[in-house]
Amino acid sequence: MSTKDFLEKDYYKALDVAKGASAEEIKKSYRKLARKYHPDANKGDAASEERFKEISEAYNVLSDSKRRKEYDEARSLFGAGGPRMPGSGGGQFGGFDLGDIFGSTAGSGGRLGDLFGGMFGGGGGRTTTQARPRRGADVETEASLTFSDAIDGSTVSLRLTDEGPCKVCRGTGAKAGTVPKVCPTCGGTGQSSRDLGSFAFSEPCTTCRGRGLVVDDPCATCSGSGRAMSARTIQARIPAGVADGQRIKLKGKGAPGERGGAPGDLYVKVHVSGHPVFGRNGHNLTVTVPVTFTEAALGAEIKVPAHRGVPVSLRIPPGTPNGRTFRVRGKGVRRSDATMGDLLVKVDVQVPTELTDTARTALEQFRDATTGTDPREELLRKGRA
Ligand SMILES: [Zn+2]
Ligand SMILES: [Zn+2]
């Protein structure tokens, strides 16, 4: 039994059941018909015998869910009786013998959908009205955001190019009003085999470049390839809080589907530029602020910058060491649950480099007031031990 049989024979009709019949219905009808046309019950009746064979063959296929699926698929792809191209009744495929093409693979369990794709090179044949919807491809692109746009979220324009069926020839590659014909070199298989002594191997047919079809009058738009690039610009909403290098999925913004199939997804890799003042650490912002030696020693209330907002007050306690980090709650980056990260403020204690006479005098007085306390005393003692 070949794929050719699949296309030529109506097994549902043979078993007198509807196309959507359940396994139970098929079994029941088969039993009834088999009893009726069984050779033992119809001795010498050639017509009954023929009918009995037909019923058995149909039941063999339809009772096996896997084979039934293949059968249904074959017939929905090609329709009963052979392939059809858009705008043609199938007649232009003169001399096109499905059996030749499928004969070698029909028993190997290869899926018809794949064969079909290979046969028509992913282009022309897929516009056959019987073919199934196909989901659009996922598309990858990149977007550059400023530091602030990454934090606040932003809408970016993305220019995308998709490869799809040529719109002018609807993917057939043939000039309007004409249809492709089966490649005379490979007979439509898209493969040619070469014999190298003890080896024989197949490679894509050079006449049709593996497509299985050739066109006499190529479509001017796609030069006969059936494929065309199209550009589109979309507005994409980048959510707030993305980080540099993050990949964002925008569902349904990829390449459009074919024949009613869903569109693919768009993946946007974001590049976030740096900021002269702030750094990012997850959803926290970081900033380093200089504080004077006296602010650190005596304590102070200082103003620190907030991203895109008025400066905020921060209380520095007396005796704050250099490098200590303070947390200002809620002044960081918005999370997806709408809560806010924090601003992490690191103090950088400044040592005065130029002193006025008054400042020098004051510092000398400070030195004199603190003599007797050597900050290295413990270190020196432990070093001796
Ligand atoms: Zn060829
Ligand atoms: Zn075209």
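Student: Which residue is the bridge partner of Gly279 in strand 11?

Tutor: Thr286 of strand 11 is the bridge partner of Gly279. The model is predicted, with local features needing pLDDT of at least 70, side-chain atom pairs pLDDT 80 or more, and totals for chains, interfaces and linings using all residues. Residues are numbered from 1 along each chain as its sequence is written, ligands from 1 and chains from A in the order written, and side-chain values use heavy atoms, without hydrogens and water.

Student: What makes strand 10 and strand 11 a pair?

Tutor: Pairing requires at least two bridges found by DSSP between two strands. Strand 10 (residues 279-281) and strand 11 (residues 284-292) have three, in the antiparallel sense, so they pair.

Student: Why are Cys166, Cys169, Cys219 and Cys222 called donors of the zinc ion (ligand 2)?

Tutor: Donors are N, O and S atoms within 2.8 Å of the metal (3.2 Å for Na, K and Ca). The SG atoms of these four residues lie 2.3 Å from the zinc ion, so they count as donors. Along the chain they follow the spacing C-x2-C-x49-C-x2-C.

Student: Why is the site of the zinc ion (ligand 2) called tetrahedral?

Tutor: Four donors count as tetrahedral if all angles lie between 85 and 135 degrees. Here the angles among the four donor atoms are 103 to 115°, so the site meets that definition.

Student: How do you know whether Cys219 and Cys222 are buried or exposed?

Tutor: Buried means under 20% relative accessible area, exposed over 50%, and partly exposed in between (1.4 Å probe, protein chains only). Cys219 has 3% and Cys222 has 8%, so both are buried.

Technical notes:
Four donors count as tetrahedral if all angles lie between 85 and 135 degrees; four count as square planar and six as octahedral if opposite donors are over 155 degrees apart and all others between 65 and 115; anything else is irregular. Helices (H or I, at least four residues) and strands (E, at least two) are DSSP runs, numbered from the N terminus.
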